[in-house]
Amino acid sequence: MPCLRTLAHTQTNSRLPTLTRRPALSLSLSLSVVSSCDVRERSRIDRVNRGLISIGSPGLDKNSTQFKVKVVGLVACWYTLSTALTVFNKAIYGAEHGKFPAPLLVTGSGMLLQFFLCRIYFLCHHLFVLRESPGVAFSKSDPNAHTDDQSERSWSTWAKRFAPVSFMTGLDYGASNLSFVYITLSFYTMCKSSSPLFLLIFAFLLRLEQPSFQLTGIMGIIMTGVMMSVFGEVKFNAFGFFLVMLAAFLSGWRWGYVQLLLQKGSWFGKGKNLQNSVITLYNMTPLMSGIVLFFSVVIERPWRLVGNSAYFSTAGDALMTTFFIVFSGTVAFLMVLAEFVLVAETSAVTFTVAGALKELLTIGAGVVLFGDEISAVNGAGLCVLILGVFLYNRYKIKKMAREAAGGEGGGKRVVELDTLDSLEDAALLGGRLPSSGDAVFSLGDSEDDED
């Protein structure tokens, strides 16, 4: 009970004459401490009940060694999962490597697996964290039961909040993984990093951002970086380039819609944020997997591969293919959790910087593991592209800081950039800071609309 100890310490160290002369001040201080402790305790209990992950002790001093070790561990975990998934996809799908004949099949099946992993996550939470019986834990394993938004769980609300983003995310991931067949890992990473360019275009069209010389300059820098990367690419493939740019386009479109949900929530009905990435992922994965599997049936025709492909010839081959699906789906699920925890436990700035460095790590993995060749023009384009993405993220952070400091717009939500103990802030940042191609899935409506 640290709060009660703090209060007792405050009362013990107060001199009696001071308390006699200033009873109102002492009482006010005591009530303030108790109120603050009560709010923190209720917040802690609420976070536990909703299945939120908290690493280490909350409220650590940011200058302490323990906090720095915690941040390094979270970033390393995110890097490891993200790089492992990207390298795995390239190794399996690449035409010069694994030559797997049905990348869309594995991608769609992995997304469907994540749907069930979301329920397993909350089942384990009730079993091992809340220590409930198996029967009770299973009855409470529905992720949607862990949000305050009970009254808004209708098909129309789902269609407005999740369906468009699920559709775009499914196509994005499908095109991304299919592009690995034709282009190098390094070139893929460079092109996919251009998604903020499309986000800005959609933000202008949807009037979420006002055109300015600063944003126009950032768009020009990102476009220049992409063009230099394309002209400098040694193993250029037009179809592969089309696929990855389609994925970047869809990624930008997706983030634009997320930003629309966050800033213009009144368009989509009232309701609180869905405050957990697992809950949001649970609502998105059915349509995501359905879209990708539909294109797998149309393009890849998996039934024709049985007996005609080395991956589908025998029972052992089928087992290996199943392992691919389970591995990629599980790692993708854990990566989403890692991203979410990183944002919730650190800050927007940490996530932004880590996202930029992750792109460099992925390109380095392509050079070391797959022998990707990067020309001088290619490398210069990469530097320009990273500069543009960095400037864009810096612009977004400053804008959010101004909103937090001045509350511009009358009723806009306040965002605290230093510490994200509030999960609603984490969800907001997840939707408004597209620092990399990996999304932190957090959607919701504005809370500013009063009944």
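Helices here are DSSP runs of H or I at least four residues long, numbered from the N terminus, and by that count F122 is found in helix α5. Keep in mind throughout that this is a predicted model.

**Figure 1. The whole chain, an all-helix affair with 17 helices and zero strands.**
Start with the overview before zooming in. The protein chain has 451 residues, and 51% of them count as buried. About 20800 Å² is exposed, with carbon and sulfur atoms supplying 66% of that area. Contacts reach a long way along the sequence, too: among those between residues at least 6 apart, 82% join residues at least 24 apart.

**Figure 2. Close-up of F122 and I279, a touching pair from helix α5 and helix α13.**
F122 has a relative accessible area of 0%, so it counts as buried. I279 sits in helix α13, and it is buried because its relative accessibility is also 0%. Leaving aside residues up to four places away in sequence, I279 touches F122, P143, N144, H146 and T147. One of those partners, P143, is 136 residues away along the chain, yet the C-alpha atoms of I279 and P143 are separated by 5.2 Å. For F122, look also at F138: they are 16 residues apart in sequence, with 8.7 Å between their C-alpha atoms.

**Figure 3. Helix α10 packed on helix α11.**
Here residues 195-205 (α10) meet residues 213-232 (α11) at an angle of about 145 degrees, and the two axes lie 9 Å apart. The crossing of α10 past α11 is left-handed. On the α10 side, the contact is made by P196, L197, L200, I201 and F204, and these meet L215, I218, M219, I222 and M223 of α11. Why do residues three or four places apart point the same way in an α-helix? An α-helix has 3.6 residues a turn, so residues with that spacing end up pointing the same way.

**Figure 4. Helix α10 and what follows, a mostly covered helix with a positive phi just after it.**
How many of the 11 residues of α10 are buried? Nine of them are, and the list runs S195, P196, L197, F198, L199, L200, F202, A203 and F204. Just past the end of α10 comes R207, where phi is positive at about 60 degrees.

**Figure 5. A nonpolar patch on the surface, built from F294, F295, V297, V298, I299 and W303.**
Together, the patch residues offer about 600 Å² of accessible area. W303 belongs to the loop between α13 and α14. Is W303 buried or exposed? W303 counts as exposed, because its relative accessibility is 53% and the cut-off for exposed is over 50%.

**Figure 6. Two loop residues with positive phi, K99 and R301.**
Neither residue is a glycine: K99 has a phi of about 55 degrees, and R301 has one near 50 degrees. Where is K99? Look in the loop between α4 (65-93) and α5 (103-129). R301 is in the loop between α13 (277-300) and α14 (315-345). K99 has a relative accessible area of 55%, so it counts as exposed. R301 comes in at 35% relative accessibility, so this residue is partly exposed.

Definitions and conventions. Residues are numbered from 1 along each chain as its sequence is written. This is a predicted model: local features need pLDDT of at least 70, side-chain atom pairs count only at pLDDT 80 or more; totals for chains, interfaces and linings use all residues. Side-chain values use heavy atoms; hydrogens and water are left out. Helices (H or I, at least four residues) and strands (E, at least two) are DSSP runs, numbered from the N terminus. Buried means under 20% relative accessible area, exposed over 50%, partly exposed in between (1.4 Å probe, protein chains only). Patches are made of residues with over 30% relative accessible area and no salt bridge: like charges are joined within 9 Å, nonpolar side chains (Val, Leu, Ile, Met, Phe, Trp, Tyr) within 5 Å. Accessible areas come from the Shrake-Rupley method with a 1.4 Å probe; for residues, only the protein chains shown count as cover. A salt bridge is a side-chain nitrogen of Lys or Arg within 4 Å of a carboxyl oxygen of Asp or Glu. Axes are lines fitted to C-alpha atoms, for helices over the stretch in contact, and angles run from 0 to 180 degrees between N-to-C directions. A crossing is left-handed if the near helix is turned anticlockwise from the far one by less than a right angle, and right-handed if clockwise. Contact means heavy atoms within 4.5 Å.
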